[in-house]
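The exercises below are meant to be worked with the sequence and the coordinates side by side. Each task is followed by a solution that proceeds in steps.

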Amino acid sequence: MDTHSVIGRFAPTPSGSMHLGNILCALISYWSAKSVGGKFLIRIEDLDSARCPRSAGEEILNTLERLGLESDGEIVWQSERTEAYKAAENILRERAELYPCFCTRAELHASHAPRLEDGGVIYDGKCRMLDDKLIAELRGVRVPCVRIAVPDIDISFTDGAVGEQTQNLKNECGDFIIKRSDGVYAYQLAVVADDGASGVTQVVRGSDLLTSTPRQIYLQRLLGLKQPDYYHIPLVCAASGRKLGKSYGDSAQKMLNEFPPEYIIGALAYAAGMTDRIKERSATELTADFDWKKIRKDRISLPSELCD
């Protein structure tokens, strides 16, 4: 790939304030693309408008702007792209098997189905076997979600941060949801459609999304989209080892009110392994220092002064 054609992105979900782990992910995505002369895009993943008010998305953009991270293209809001997701769903209906699923979250979690690393379950395809008559009866009682049937195939890819990965879709994932019962399109479909429409070639995100990647690659193949390069960075935690969270006051906005943006950027670069000491730097200044070989492969711990 021509390095100058690299297009990276940062795609936060505005369900609450960002913490410094989110900021580090944004910075690494920015540095990775910009260090080779590429572009950096920002997308707000506000699919669920009830959980993701517009004001929360605007707060994220304000935080990123204070850090010097601005999009090289128009800001994409997923809440405005329903028609694009509907078009993708129609293509999938032509190229794969989609079916209504009436199982509730409570029923799935009460079952003995194997669990996924992200907290979900490996769906056994129960509703895939329903006949038209029973489907019609169930529609009168409950609105179904829409699942896509997956084949018994292995999806393999090389992650730029963690190496070779392989997942069997049938045994390690199961038929997954592409549209929820409330009509909101699921993350897996939306992110694939949006990355394709924006020409994204490089995806940098947290390791918690690593197991989602084979599902997205499968959808990319069905939709005729190019597969981006993936880089999943390690969990970012406090100096004490605990996970970051709003309940601990780990708001990036709060940190920006206590420390200069350049200090936070320098401290995050040090925590990630890019520099050998904390020094106030701007995001632009650190671009030339970026190298994926420097980024830590295991857990990233923040300096105690930022997050004890």
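**Exercise 1. Cavities**

How many cavities of 30 Å³ or more does the structure hold? Determine also the volume of the largest cavity, list its lining and sort that lining by class.

Solution. The model is a predicted one, and three cavities of 30 Å³ or more are found in it. The volume of the largest cavity comes to about 50 Å³. Turning to its walls, the lining consists of Ala161 and Val162, then His232, Ile233 and Pro234, and finally Trp292, Ile295, Arg296 and Lys297. Sorted by class, this lining comprises six nonpolar residues, one polar residue and two charged residues.

**Exercise 2. Helices H1 and H10**

Find the angle at which the axes of H1 and H10 cross, classify the arrangement, and describe the contact by residue and by class.

Solution. Helix H1 spans residues 20-34 and helix H10 spans residues 261-272; their axes come within 10 Å and cross at roughly 80°. Since angles of 65 to 115 degrees count as roughly perpendicular, H1 and H10 are therefore roughly perpendicular to each other. On the H1 side the contact is made by Leu20, Ile23, Leu24, Leu27 and Trp31, and on the H10 side by Ile264, Ile265, Leu268, Ala269 and Ala272. The spacing of such positions can be read against a general rule: an α-helix has 3.6 residues a turn, so residues three or four places apart point the same way. By class, the contact of H1 with H10 contains ten nonpolar residues, with no polar and no charged ones.

**Exercise 3. Helices H3 and H7**

Carry out the analysis for H3 and H7, giving the crossing angle, the resulting arrangement and the make-up of the contact.

Solution. The axes of H3 (residues 82-95) and H7 (residues 187-198) come within 10 Å and cross at roughly 105°. This angle makes H3 roughly perpendicular to H7. Tyr85, Ala88 and Leu92 of H3 form the contact with Leu189, Ala190, Ala193 and Asp194 of H7. These residues divide into six nonpolar, no polar and one charged.

**Exercise 4. The covering of helix H8**

How many of the residues of H8 are buried, and which residue follows the helix?

Solution. Of the eleven residues in H8 (residues 213-223), ten are buried, and the helix is thus mostly covered. The buried residues include Thr213, Arg215, Gln216 and Gln220, as well as Ile217, Tyr218, Leu222 and Leu223. After H8 comes glycine 224, which has a positive phi, near 70°.

**Exercise 5. Three positions and their surroundings**

For serine 15, serine 55 and aspartate 132, state where each is found, and decide whether each is buried, partly exposed or exposed.

Solution. Serine 15 belongs to the loop between strand S1 (7-10) and H1, and with a relative accessible area of 34% this residue is partly exposed. Serine 15 lies 30 residues from glutamate 45 in sequence, while their C-alpha atoms are 9.3 Å apart in space.

Serine 55 is located in helix H2 (residues 54-66), and its relative accessible area of 54% makes it exposed. Between serine 55 and proline 14 the separation is 41 residues in sequence and 8.6 Å in space, C-alpha to C-alpha.

Aspartate 132 is part of helix H5 (residues 132-139), and it is exposed, with a relative accessible area of 66%. The C-alpha atoms of aspartate 132 and serine 198 are separated by 38 Å, and the two residues are 66 residues apart along the chain.

Technical notes: Residues are numbered from 1 along each chain as its sequence is written. This is a predicted model: local features need pLDDT of at least 70, side-chain atom pairs count only at pLDDT 80 or more; totals for chains, interfaces and linings use all residues. Side-chain values use heavy atoms; hydrogens and water are left out. On a 1 Å grid over the protein atoms alone, a cavity is a set of points where a 1.4 Å probe fits but cannot get out, and a pocket is an open set with protein on both sides within 12 Å along at least five of seven lines; lining residues have an atom within 4 Å of a point. Grid points are joined across faces, edges and corners, and a volume is the space filled by probe spheres set on the points. Ala, Val, Leu, Ile, Met, Phe, Trp, Tyr, Cys and Pro count as nonpolar, Asp, Glu, Lys and Arg as charged, and the others, Gly among them, as polar. Axes are lines fitted to C-alpha atoms, for helices over the stretch in contact, and angles run from 0 to 180 degrees between N-to-C directions. Helices (H or I, at least four residues) and strands (E, at least two) are DSSP runs, numbered from the N terminus. Angles under 35 degrees count as roughly parallel, over 145 as roughly antiparallel, 65 to 115 as roughly perpendicular and the rest as oblique. Contact means heavy atoms within 4.5 Å. Buried means under 20% relative accessible area, exposed over 50%, partly exposed in between (1.4 Å probe, protein chains only).
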